[in-house]
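This report concerns part of a protein model and is written for a reader new to it. Please view the sequence and the structure before reading on.

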Amino acid sequence: MAKILNYKHMKNKESNFSYSKIYLKEVFGINLFLYFIFVLSLELTLSQIVIYLFVVLLLSTLLLYLIGLKRRDAIEKITSVIHQIKSNKNISVDDIVLNPHLEKIENDLKEIHKKNRDDIANMHRLAQARTDFLGNVSHELRTPIFTIQGFLETLLNGAIDDPNVNRRFLKKAINHTHNLNDLLNDLIDISMIESGQMRMQPTYFDIIKFIESLVVELESLADEKGIKIKSKFAGKEIEVFGDKDKLKQVFVNLISNAIKYSESGNIIIITEVINERVKISIKDSGYGISDADLSRIFERFYRVDKARSKDAGGTGLGLAIVKHIVEAHGSKIEVKSKIGKGSTFSFGLRKK
């Protein structure tokens, strides 16, 4: 690639003097001042004075020319770089090289170019993310809608009069409406979170009592699969700072997933006090997650095992919502998992 500093193609017809005209008064003023001091300090004839004046004017003109030449060179280099940046040309940061005395401007232009390049790359990523998101939403909405439509059409075509299938089909249809409602609620949540409209209302509360109440709510779901939800608390009362409603979404998502992706065994909820924070871990003995999938499980609509995930239900947005809520509490969700050995999801909350 041609260096951007090769600016001979620029059609600038201004003379070098035009670039130094802002220094005209200073150059001639200083030189004339020095000239008069020199003349007054010596006894010179009129012809000598004229000659010296001519020399001073000549030297001043030459100095202005050289200043203009150097300034033109610097300005045209800066102009060329700015033109390349504005045109989004494929240039590297190393291609931006100015004169040594313009190091600060050179560094600023490099920062501007790097930021522009990062912004453009981010815009492309966001555009692709929007496209993927719309495609995923369309697919996720289409599935329950077509399924409900199929059940209703079957019933209208005569199955409504068959007592062996009518109630079964209606129950399946209503289950899919619940799935559809869950998906729409999760879409609203993720939209509010990612647009910055999620409002946090943090308070201090007892995390032990909070977890125990959630376990009571979810025990029936676990009992259906013969799974026991156990707890291992670091004390009887531990107060943490957070939004209870948002954190309830986190716990319900993580515990529900642990139940869905386990066939048997136990789910253990662990609290540990580490300095000024409380580490909370939800450990299961389920299917586990491969190393290849671990880095992507918090992406919207990403499913580790698509066939199994469909059977288990869910919107594919739960873990993305969990990640955002945990990060809004100044923490980070961490995962450890082995295939066939289960998974452990952990995050921290500020302790009172």
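## Helices α6 and α7 and a nearby loop

In this predicted model, a polar atom of the Ser 262 side chain lies 2.6 Å from the backbone oxygen of Ala 258. Ser 262 belongs to the loop between α7 and β4 (266-274). With a relative accessibility of 1%, Ser 262 counts as buried (under 20% relative accessible area, with a 1.4 Å probe and protein chains only).

Residues are numbered from 1 along each chain as its sequence is written. The model is predicted, with local features needing pLDDT of at least 70, side-chain atom pairs counting only at pLDDT 80 or more, and totals for chains, interfaces and linings using all residues, while side-chain values use heavy atoms and leave out hydrogens and water.

Helix α6 covers residues 207-223; at 1.5 Å a residue its 17 residues should span 24 Å, and the end C-alpha atoms are 23 Å apart, which agrees. At Glu 217, α6 bends by about 40 degrees. The buried residues of α6 include Phe 210, Leu 214 and Leu 218.

The axes of α6 and helix α7 (residues 244-260) come within 11 Å and cross at roughly 40 degrees. The two helices are therefore oblique to each other (neither under 35 degrees, over 145, nor 65 to 115). The crossing of α6 past α7 is right-handed.

Two side-chain to backbone distances are set side by side below.

| Side chain | Backbone atom | Distance |
|---|---|---|
| Asp 206, oxygen | Ile 208, nitrogen | 2.9 Å |
| Ser 262, polar atom | Ala 258, oxygen | 2.6 Å |

Asp 206 caps the N-terminal end of α6.

Definitions and conventions: Helices (H or I, at least four residues) and strands (E, at least two) are DSSP runs, numbered from the N terminus. The expected span of a helix is 1.5 Å times one less than its number of residues. The bend at a residue is the angle between axes fitted to the seven residues ending there and the seven starting there. Buried means under 20% relative accessible area, exposed over 50%, partly exposed in between (1.4 Å probe, protein chains only). A polar contact is a pair of N or O atoms within 3.5 Å; within protein, one must be able to donate a hydrogen and the other to accept it, and residues adjacent in sequence count only if both atoms are side-chain atoms. Axes are lines fitted to C-alpha atoms, for helices over the stretch in contact, and angles run from 0 to 180 degrees between N-to-C directions. A crossing is left-handed if the near helix is turned anticlockwise from the far one by less than a right angle, and right-handed if clockwise.
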